[in-house]
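Let's take a look at how helices pack against each other in a protein, and at where empty space is left. Have the 3D view open and follow along.

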Amino acid sequence: MIPRTTGSRLWESLHKGAEAAGRQTGFHIYWNAPTREDDIERQVALVEKVIDGRPAGLVLAPDHDLALVGPVRHAMSRQIPTVVISSSLPIQPGQGLSYILNDDQEMGRLAAMQVGKVLKGKGTVGIVGLATTAMNIMVRARAFEDALSGNFPQISIVAREGGSPNIAELHQIAREMLLNYPHLDAILALDTVATLGSLEQLRVQGKVGSIKLIGCDQDTELMFFLRQGEVDSIIIQNTNEMGSLAVRWIAARVRGEAVPDKVELPPVLVNKSNIDTPEIQRLLAVDWRSSR
């Protein structure tokens, strides 16, 4: 199991789901990943190393849409059942390859509905974290724009800013956006780094609360800041279920059973009112040593 990076609540929740399913199916989970999401070469090397060990299956959250195509095709050629999670690759499923994806269209729609709610249908929004090399991020952004224009025509998107896995670069991107558009009413940040970078600049410029911040993907720090009221809401992926389902699919393939080519799991909007509910806490749980 090779996620995009280690130490993130987003992927440690995946780890928990996988370990629980591993106990149920009799699989040992080998878990490794780069320390940074932009270390694509490291992830490629890890996948190739795993393939050489001929595992019962491979679960991968790719760091890059194109760079991981070769390693995944290599796994398929070795007849290693492979499940790609969270975001897809430009390879059709089949021949041992399946996808368990986040529903990024729904994530964008949920973000639009939350922006419309907090702005009461009127205002201006900036988008931060656009990454043209990440298909899932662009799907989120397009779905957000479509849902916003269709449901809240009096809310305008006035800024569309790029993204980066480097937090220092995001600080600069968010700083320039806030300086260029000082009267923004809300920010949609399309991933965790974009959310953290935007929040830091809102603090620096004294605009926490006056500009509503809606983020995407779970992170331990962000959940704390949400509880503190500095972040309006976070739309999270159900990576816990992704990990569990991926291991169960591989177990089924090993038994010679058919599994679906692709499923999309719905994201969930988390805010102060629901973060401590049992349902949300199960989604956010990261203690992979527990079998529950």
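## α6 and α7: a right-handed crossing

Start with helices α6 and α7: α6 passes α7 in a right-handed crossing. Keep in mind that this is a predicted model. Two packed helices are described by the angle between their axes and by how far apart those axes are. For α6 (residues 167–180) and α7, the angle is about 55 degrees and the axes are 8 Å apart. Angles that fall outside the parallel, antiparallel and perpendicular ranges count as oblique, and α6 and α7 are therefore oblique to each other.

So who's touching whom? On the α6 side, the contact is made by Ile-167, Leu-170, His-171, Ala-174, Arg-175 and Leu-178. On the α7 side, you'll find Val-193, Ala-194, Leu-196, Gly-197, Ser-198, Glu-200, Gln-201 and Leu-202. Sorted by class, this contact has 8 nonpolar, 4 polar and 2 charged residues.

## α4 and α5: another oblique pair

Now find α4 (residues 104–118), which packs on α5 at an angle of about 40 degrees, with the axes 7 Å apart. These two helices are therefore oblique to each other, and α4 passes α5 in a right-handed crossing.

The α4 residues in the contact include Met-107, Ala-111 and Val-115. Among their α5 partners are Val-139, Phe-144 and Leu-148. By class, the contact of α4 with α5 has 10 nonpolar, 4 polar and 3 charged residues.

## α2 and α3: side by side

How do α2 and α3 lie, roughly parallel or oblique? The axes of α2 (residues 40–52) and α3 (residues 69–77) come within 9 Å and cross at roughly 5 degrees. Angles under 35 degrees count as roughly parallel, so that is what α2 and α3 are.

Val-44, Val-47, Glu-48, Ile-51 and Asp-52 of α2 meet Pro-71, His-74 and Ala-75 of α3. That contact has 5 nonpolar, 1 polar and 2 charged residues.

## The largest pocket

Time to hunt for empty space. Rolling a probe the size of a water molecule over the atoms shows where it is left. Here, the largest pocket has a volume of about 790 Å³. It is lined by 34 residues, and the closest to its centre are Glu-37, Asp-38, Pro-165, Asp-191 and Val-193. You've met Val-193 already: this α7 residue also takes part in the contact with α6.

Which helices help build the lining? α1 (9–25), α5 (135–151) and α7 (192–204) each supply at least two residues. By class, the lining has 10 nonpolar, 14 polar and 10 charged residues.

Methods:
Residues are numbered from 1 along each chain as its sequence is written. This is a predicted model: local features need pLDDT of at least 70, side-chain atom pairs count only at pLDDT 80 or more; totals for chains, interfaces and linings use all residues. Side-chain values use heavy atoms; hydrogens and water are left out. On a 1 Å grid over the protein atoms alone, a cavity is a set of points where a 1.4 Å probe fits but cannot get out, and a pocket is an open set with protein on both sides within 12 Å along at least five of seven lines; lining residues have an atom within 4 Å of a point. Grid points are joined across faces, edges and corners, and a volume is the space filled by probe spheres set on the points. Helices (H or I, at least four residues) and strands (E, at least two) are DSSP runs, numbered from the N terminus. Ala, Val, Leu, Ile, Met, Phe, Trp, Tyr, Cys and Pro count as nonpolar, Asp, Glu, Lys and Arg as charged, and the others, Gly among them, as polar. Axes are lines fitted to C-alpha atoms, for helices over the stretch in contact, and angles run from 0 to 180 degrees between N-to-C directions. Angles under 35 degrees count as roughly parallel, over 145 as roughly antiparallel, 65 to 115 as roughly perpendicular and the rest as oblique. A crossing is left-handed if the near helix is turned anticlockwise from the far one by less than a right angle, and right-handed if clockwise. Contact means heavy atoms within 4.5 Å.
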